[in-house]
Amino acid sequence: MFDISRRSLLAGAAAAAGTSLLPSGAFAAEELVAATFGGTWANVHKQILAPYFTKKTGATVAQSPMLATAQIAKLTAAKGGPAPFDVAMLDEGPALEAIDAGVIAKYDASKSPNFASLNKKFQGEYGPAITMQAIGIAYNPKTVKAPPTSWADLWKPEYKGRVGITSLASTLGLAFLLDINRLEGGTEASMEPAFKKLKTLLPNLAAVSANFGAHGALFQQGEVDIGVQNFKFAEELKAKGVPIEFVRVSTGTPGWKTTMHVVNGAVKPDLAYAYIDSQLSAEVQSAMQKSPWNVIPTNSKVPYEGLVASKIAKTPADLDKMVFFDWQKVNKGRADWTAQFNREIRV
Amino acid sequence: MAGAMEKKSNEWRLALPLTLFFVVFFVAPLFLLIGISFQAERRMTGALGLNQYTAFLGDRLNLEVLGDTLLLGVKATLLCLIFGYPLAWLIARVSARLQALLIFLVILPIVTSVVVRTFAWIVILGRRGIFNDAIVALGLSPTPLHLLFSETGVVIVLTQVQMPLMVLPLVTVLQRIDPNLASASQALGASAWRTFFKITLPLSMPGIIAGVILTYTACVTAFVTQSLIGGSRLLYMPMMIFQQAMDLQNWPFAAAVSVMFMISVLVIVGLLVALSRSRAAQLYG
């Protein structure tokens, strides 16, 4: 019995190794490999963007969910050879790092007709912004009776051991820390005020999730009752039936751009442009704005509707009122802040 | 005769494919890693130096994290041994059919993905999880216990997840012990415990040491379990390497941390191997 199961295990392992060695869809005529974020982004890209792209180009797309930082690491490791994927999807901070590392290419607007429909501030030199991310507080309405209105609510004594934040590995965690710092009078050049304030939050913390994916699960499993969260992600959880409410904080909603890029050394650059252009189209963006996705559109032909309009912005001018950070400076400080964050939150 | 000799001397060639595989996919990347760790600059400009190592050793936090990680492995490995030994002993003694069933149960955890197993543990250990619901319902504690995001939780999960690595070598060794030895010991008047400590335990030492080495190395490097069950407030070496390599794209420092971690684990494994040699020398002269 042991022998048999060991043999079947080995056979299983061999089969698994075999399939992973085959390039997926090696026999399809044309296939683009595009990076996406995990979770909700992978779903919305699979359900809306991929079919639209295939209808338009006849090619298929393999969407590989990866953290922004993992994308940069893989592209850096493959530098000089063919890129492991042709389209990168990044947040503002990592995008600057990718430019710095020389792994993404300048965006040729002439190859992307929809690029012109974007608001000027979304027309990045190295690739367009496909959405804005907005953060605030998410809470469990069953256990948190008074809806929170500002970050200060996370410090309330009644939430002792009930608050969830994420590490600086996610832009969510970084943006939260940066905003606390701003409110405490600091700047991107001096984060001391944020760390001082963070120390006083420690008794209230139930968890500091290691990454954004683990963070969502905390709310789902009742591990935390209140904490920082991404607008789009909280609304998707709510649509799934999780008891969660998202509110903006009164001091201004911190936000950042999420961008798409053709990578340097792309194997199929034309398909990569077609894919990104599909993401910029009014059809795709208005479909993605609907619940449960609530992706904030960047194409100026798509009016804000639904939860995006009621909770984040009714007009493009509302987006300008969001709180933005200097990601160039953030990238400079991030290594030191990560070390300090490790030190201060360590049990 | 001469043909047989020739055959024998050519047998080493059988190891060539594996050797080649190891050289290309293990030895070469390892040397690359060591090489990168001597790059002085984050951007790997080519300037060499010991900067990364002095940075690692210069910060007490790093050394504390290293110590925590090595200690975490000791705790989980000891628990694996304490729970795994009786299990292996039982498996070595039951009927062939029951043995097959028990071994199947032991290897079952390896068949599922470590991520799935770890998520299942989040459901069990969580504040609103099965375990805490039971504790509160039974009135053993008025409030849920803090198991998730605690080292206790990490140790519990590692013990379950890595158990097969301890049990399988133990079963192999225990099965090979001649049962007549125990019978002889008892016939000569030794109690069951005395027989165990004087006969079974020393003879099973090679299995214990093999199991301990496998379990220990797996526990200290268990990135998924450590980060998902431990959260960010418990920092262990694998997470620290990930932070440096991925979040901060500081490959030279990540490489130096990896090398330091590898050396520390190798020292411990080396001590265990030395221990097993001396035991073997004692037993078999």
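Chain A of this predicted model is divided into two domains, with domain 1 covering residues 31-132 together with 256-312, and domain 2 covering residues 134-254 together with 325-345. Chain B contains 14 helices and zero strands, and 26 of its residues are in contact with 26 residues of chain A. The points below take up the domains of chain A, a pair of its helices, the build of chain B and the contact between the chains.

**The two domains of chain A**

- The C-alpha centres of domain 1 and domain 2 of chain A lie 26 Å apart, and the contact between these domains takes 19 residues from domain 1 and 19 residues from domain 2.
- On the side of domain 1 of chain A that touches domain 2, helices α4 and α11 (306-312) of chain A each supply at least two residues, and α4(A) gives the most, with four residues.
- The residues on that side of domain 1 of chain A divide into nine nonpolar, six polar and four charged.

**A helix pair in chain A**

- Helix α3 (residues 68-77) of chain A packs against helix α4 (residues 92-101) of chain A at an angle of about 10°, and their axes are 10 Å apart.
- Because angles under 35 degrees count as roughly parallel, α3(A) is described as roughly parallel to α4(A).
- From α3(A), the contact is made by A:Ala68, A:Thr69, A:Ile72 and A:Thr76, while from α4(A) it is made by A:Pro94, A:Glu97, A:Ala98 and A:Ala101.
- Sorted by character, the residues of the contact of α3(A) with α4(A) are five nonpolar, two polar and one charged.

**The build of chain B**

- Read along the sequence, chain B follows the pattern α-α-α-α-α-α-α-α-α-α-α-α-α-α, and its C-alpha atoms fill a box of roughly 75 × 70 × 30 Å, taken along the principal axes.
- Of the 285 residues in chain B, 34% are buried.
- Among the contacts in chain B with a separation of 6 or more, 73% are accounted for by residues 24 or more positions apart.

**Where chain B touches chain A**

- The contact between the chains involves 26 residues of chain B and 26 residues of chain A, and on the side of chain B, helices α5 (96-111), α12 (223-230) and α13 (237-247) each supply at least two residues.
- Helix α13(B) gives the most to the side of chain B that touches chain A, with five residues.
- The residues on the side of chain B that touches chain A divide into 15 nonpolar, seven polar and four charged.

Terms used: Residues numbered from 1 in each chain as written. Chains lettered and ligands numbered in written order. Predicted model: local features only at pLDDT ≥ 70, side-chain atom pairs only at ≥ 80, totals over all residues. Buried ≥ 20, exposed ≤ 12 C-beta atoms within 10 Å, placed from the backbone. Contact = placed C-beta atoms within 7 Å. Axes fitted to C-alpha atoms, helices over the stretch in contact; angles between N-to-C directions. Parallel < 35°, antiparallel > 145°, perpendicular 65-115°, else oblique. Nonpolar A, V, L, I, M, F, W, Y, C, P; charged D, E, K, R; others polar. Domains from an automatic or database assignment.
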